[in-house]
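This report walks through a few features of the structure shown below, and a reader may find it helpful to keep the view open while reading.

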Amino acid sequence: MNEPVHRTLGLTDDELEKIIEILGREPNHLELAMYSVMWSEHCSYKSSRVHLKRLPVEGEHVLVGPGENAGVIDVGDDIAIAIRIESHNHPSYIEPYQGAATGVGGIIRDIFTMGARPIAIMDPLRFGPIDDARSRWVAEGVVSGISGYGNSVGVPNIGGETVFDETYIGNPLVNVLCLGILPKDRLVLGQASGVGNLAVLLGSTTGRDGIGGVSVLASAGFGDEDEDTEKRPSVQVGDPFEEKRLIECCLELLDARLVVGIQDLGGAGLSCAASETASRGGVGMDFDVSAVPQREMGMEPFEIMTSESQERMLAIVSPDNLENVLAISKKWEIRSSVVGKVTEGGQLRILDGIDGPVLGEVPASSLHEDAPLYNRPMAPPDDLNARKEDKPEKYLLETNDFSGDLLNLIYSHEWITSQYDSQLFLNTVAGPGSNAAVLRLKHPVTGEDTGRGLAVTTDGNHRWCAVDPRRGSALTVAESMLNLACVGAEPRALVNCLNFGNPENPTVMWQLSEAIDGMSEACREFDLPVVGGNVSLYNESQGTNIDPTPIVGVIGVIDTLDAPPPGHKWSEGDRLIVIGPEPEGLSGSAWAFGKGYRKGILRELDYDLHKKICQVTRELVQKKLVTAVHDVSSGGVGVATAEMAIASGVGCSLARISSHEALFSESSSRVVLAVNPDELTNVEEILNAAEVPKARIGLAHGDRFTIKGLLDLELQSIQNKWENHLPIAFEGGTTQG
Amino acid sequence: MSPTIGVIVFPGSNCEQDALEAVTSLGAKSKLIWHDSFDLGSADAVIIPGGFAHGDYLRPGAIARFSPAMESVFAFARSGRPVLGICNGFQVLTEAGLLPGALQKNSGLKFLCKPVNLTVRTTNSVLTSQTVKGDGLRIPVNHFEGNYTCTEETLEELQDEDRILLTYEDNPNGSMGDIAGICNAERNVVGLMPHPERACHPLLGSTDGQPLLKSFIESSEL
């Protein structure tokens with residue numbers, strides 16, 4: 001147990017050498033603690049940065065790209081939108097409620113740090129199998145945490161997705177995306193400037209919660225159970241009421257233009273906020289630990305500097321404005337304390353009393369800019385070729401229960417989404433369960449309705465990425481494009497959350513690199529800039545890595561929002577059409593994974609065709625020529641049409657779907673359209689002009705869900721399965737053990 | 001002159017802008033009133049909006065009722081002027097004793113956000129005067145503590161005095177008597193768990209909240 005201190009903090013011997021080189025001496029314990037959190041994988045992206053550089057980041061509408069607290073894009077009418085996605089995977093496995101709750105709190109702070117009012121949250125979630133009691137415990141806690149924090153803090157949760165799969169049994173994924181809105185001219189950046197300006201700490205007291213959260217927890221995998229339980233004190237505890245007042249207080253300070261720069265305290269706490277603001281502004285800072293309001297007695301300086309206590313912000317204020325800043329804080333019952341001042345040079349000095357002894361001194365920029373950069377070894381899996389040959393289609397003879405297979409794939413997420421306030425602010429035109437979420441776009445200051453809309457989607461597909469991380473990631477981006485087209489939106493920007501296993505494993509690094517290449521390729525083809533992202537590594541448990549799970553969030557703009565988008569509801573008598581290429585293969589499909597066939601090969605995306613499909617779908621939606629629309633993704637045409645029948649309460653008779661491939665293939669660029677007979681000629685003419693493949697597959701009518709030659713089910717039986725699946729599963733109880 | 005609707009804001013309220021937007025779209029003037037003010041200004045009627053006043057800590061509405069503004073709302077209500085509590089506002093009004101009963105955790109022990117179908121039980125109140133008895137309204141609920149409860153005597157009184165304004169068609173939260181909204185004996189103080197302000201725009205899926213808020217605005221003109 002005589003491990004050197006730097007190793008217990010998660011630093012390697014080489015990293016210690018580098019610190020000694022920077023400082024020209026041995027670091028003391030406080031300095032070492034600060035480097036350990038700032039150089040953690042979570043904060044420094046040391047394993048991924050070398051690859052992330054390949055993503056395209058520039059675009060016509062980009063105001064702020066990656067590297068700031070959030071990406072910001074111009075959406076017209078002098079309005080800007082801030083967008084960010086984050087992960088809170090590790091804390092949520094150890095302590096699901098608080099892990100998920102503080103994930104929501106953290107991302108909201110990232111957004112209002114930019115001067116934006118947070119207006120929407122979306123949660124992509126991944127849990128172990130629903131029939132596993134511990135996975136249900138995690139899922140129930142996570143959903144309650146998101147609900148408890150998000151509803152109270154007052155930011156609507158407008159969508160997201162939830163997947164249950166065995167790959168997440170020891171390592172769930174809890175990602176969260178947040179959107180904020182701001183007048184374009186109020187954009188603020190997290191930087192300090194003006195020597196003599198003051199650093200004011202706003203919000204909660206600083207306690208011992210979350211110390212080493214980014215290094216001990218987020219940058220290591222899970223092992224044996226006792227050790228994992230010991231990590232619980234590294235999880236922070238959230239207070240949504242404090243955060244709500246903090247939002248209002250900070251937005252009022254920004255409105256009154258009383259702060260020079262502002263930075264939230266998230267991972268790595270004060271070490272991160274103080275060094276980042278100073279380093280971005282090219283200045284230094286004297287930081288007085290004794291001025292930090294503490295939650296408990298006897299806290300060590302290193303604890304104060306690395307604590308991840310929630311609901312705190314660091315504002316840089318000119319001395320002239322201090323009085324006004326303190327008055328506004330008081331109105332909102334927000335604690336505020338001067339904890340430091342901006343200095344010349346680039347040194348971050350930690351002091352005990354502003355004129356007291358120096359406890360530590362490091363170049364502010366060295367904490368992030370000099371963080372180590374690793375180009376870790378990569379290698380494709382040894383059995384890559386054999387995996388490609390092992391296609392699910394090989395096993396088709398063993399199974400022909402089409403009805404049973406379909407019913408296994410459909411369930412409503414309402415048990416989850418109805419626990420979230422999805423409607424606050426009166427913007428939500430299409431909420432959870434839609435092709436993409438749609439919000440009215442109102443001016444953030446005047447409240448005036450622009451008559452336009454925002455559309456947002458989150459997508460991720462571990463199954464595709466397990467089969468082929470490069471193509472799978474490209475297809476994920478493609479799915480987002482199509483989701484936005486289904487609500488009539490033009491895409492503007494993408495954010496990503498890259499959830500992968502242990503980067504010290506060459507196969508995982510290969511997956512990450514391949515995924516980034518696939519995503520880069522797709523983003524370039526679609527002219528979609530990446531404005532922000534997050535990388536979550538070490539998603540492993542007992543030595544098993546999760547399937548690669550890149551999640552993307554894409555935001556788009558709807559130019560005329562005068563009616564809700566068509567959605568999934570068709571009407572009696574509608575003609576049903578599928579547009580897009582013939583389906584090919586079942587590899588990576590929900591059907592195949594449900595049967596345990598987790599290998600095979602994905603078809604390469606035909607970008608030109610995909611763009612045409614998106615364009616024509618958008619045109620039909622904008623011209624209001626389709627009653628209903630559903631892109632074909634998880635579960636194939638079978639699940640898409642079943643969901644449409646369930647949504648409308650009207651059955652259908654389908655034909656020309658005669659195999660597993662036709663029913664369950666998830667090959668891309670396909671959309672199901674429901675068209676009123678009066679519009680049929682019109683729609684088909686537009687489809688012909690667009691030169692996209694199309695096939696009439698049937699008719700919406702009656703109370704049965706029938707596919708000629710394959711299955712014939714009462715609509716009611718599908719509806720029952722849809723509605724009851726999650727409630728019944730959760731009635732089975734949960735266990736923490 | 002269109003009436004002015006004052007919307008009380010506590011730390012932790014979050015539906016105040018929504019209430020403002022909805023009543024303004026129906027032709028009223030509106031203004032926000034910070035909770036620590038005794039002055040309701042020129043308000044002709046008062047809305048206590050939804051949200052989580054004081055974080056709902058201790059109990060929803062339990063701390064908010066002690067705010068200075070609530071003292072003025074109390075006097076305002078006693079003088080016969082219209083007061084409407086929506087969701088958290090309903091909880092505040094029961095805690096303040098302006099409406100009988102209490103709102104406890106939903107029977108499903110989960111937060112619930114979804115549109116529900118309501119039935120108008122009486123048109124004799126500041127909230128329902130422009131509706132039709134027996135009509136159905138589709139309006140969202142959004143709460144964890146919306147399960148209305150009271151003593152048997154109070155329930156009888158509410159029934160006998162025709163003070164149950166709205167009931168749920170398919171009770172989502174276990175409320176006694178399917179109660180979604182009630183009024184006081186003088187019929188000028190009303191509270192309901194569903195959010196009428198969320199059902200006032202065609203893009204939001206329903207405009208059934210309009211007749212309720214129109215009733216309320218009109219009553220403040222009298």
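Which residues form a nonpolar patch on the surface, with about 310 Å² of accessible area together? The patch is made by B:Tyr57, B:Leu58 and B:Ile63. As with everything that follows, this comes from a predicted model. B:Ile63 belongs to the loop of chain B that runs between strand S3 (45-48) and helix H2 (68-78), and with a relative accessible area of 34% B:Ile63 is partly exposed, because that class lies between the limits of 20% for buried and 50% for exposed residues.

Chain B as a whole can be described next. Its secondary structure comes to five helices and eleven strands, and its C-alpha atoms fill a box of roughly 40 × 35 × 35 Å when this is taken along the principal axes. A compact globule of 222 residues would have a radius of gyration near 17 Å, and the 15 Å of chain B agrees with this. Of the 222 residues in chain B, 61% are buried.

In chain A, one group of elements can be followed from strand to helix to strand. Strand S4 (residues 117-127), helix H8 (residues 133-153) and strand S5 of chain A make a right-handed β-α-β unit. The two strands, S4(A) and S5(A), pair in the parallel sense over seven bridges, and A:Phe127 stands opposite A:Phe164, which is in S5(A). Strand S5 of chain A, which spans residues 157-164, is mostly covered, since seven of its eight residues are buried.

Two residues, one in each chain, share a feature of the backbone. Most residues other than glycine have a negative phi, whereas A:Glu691 has a positive value, near 55 degrees, and the phi of B:Asp178 is likewise positive and near 55 degrees. The table sets out their places and their accessibility.

| Residue | Phi | Loop between | Relative accessible area |
|---|---|---|---|
| A:Glu691 | near 55 degrees | helix H25 (680-690) and strand S26 (694-700) of chain A | 59% |
| B:Asp178 | near 55 degrees | strand S9 (164-168) and strand S10 (179-183) of chain B | 32% |

Why does A:Glu691 count as exposed? Its relative accessibility is 59%, and exposed means over 50%. B:Asp178, by contrast, is partly exposed, because its relative accessible area is 32%.

Definitions and conventions:
Residues are numbered from 1 along each chain as its sequence is written. Chains are lettered from A and ligands numbered from 1 in the order in which they are written. This is a predicted model: local features need pLDDT of at least 70, side-chain atom pairs count only at pLDDT 80 or more; totals for chains, interfaces and linings use all residues. Side-chain values use heavy atoms; hydrogens and water are left out. Patches are made of residues with over 30% relative accessible area and no salt bridge: like charges are joined within 9 Å, nonpolar side chains (Val, Leu, Ile, Met, Phe, Trp, Tyr) within 5 Å. Accessible areas come from the Shrake-Rupley method with a 1.4 Å probe; for residues, only the protein chains shown count as cover. A salt bridge is a side-chain nitrogen of Lys or Arg within 4 Å of a carboxyl oxygen of Asp or Glu. Helices (H or I, at least four residues) and strands (E, at least two) are DSSP runs, numbered from the N terminus. Buried means under 20% relative accessible area, exposed over 50%, partly exposed in between (1.4 Å probe, protein chains only). Two strands pair if DSSP finds at least two bridges between them. A crossover is right-handed if, with the strands pointing away from the viewer, the path from the first strand over the helix to the second runs clockwise. The radius of gyration is taken over C-alpha atoms; the globule rule is 2.2 Å times the number of residues to the power 0.38.
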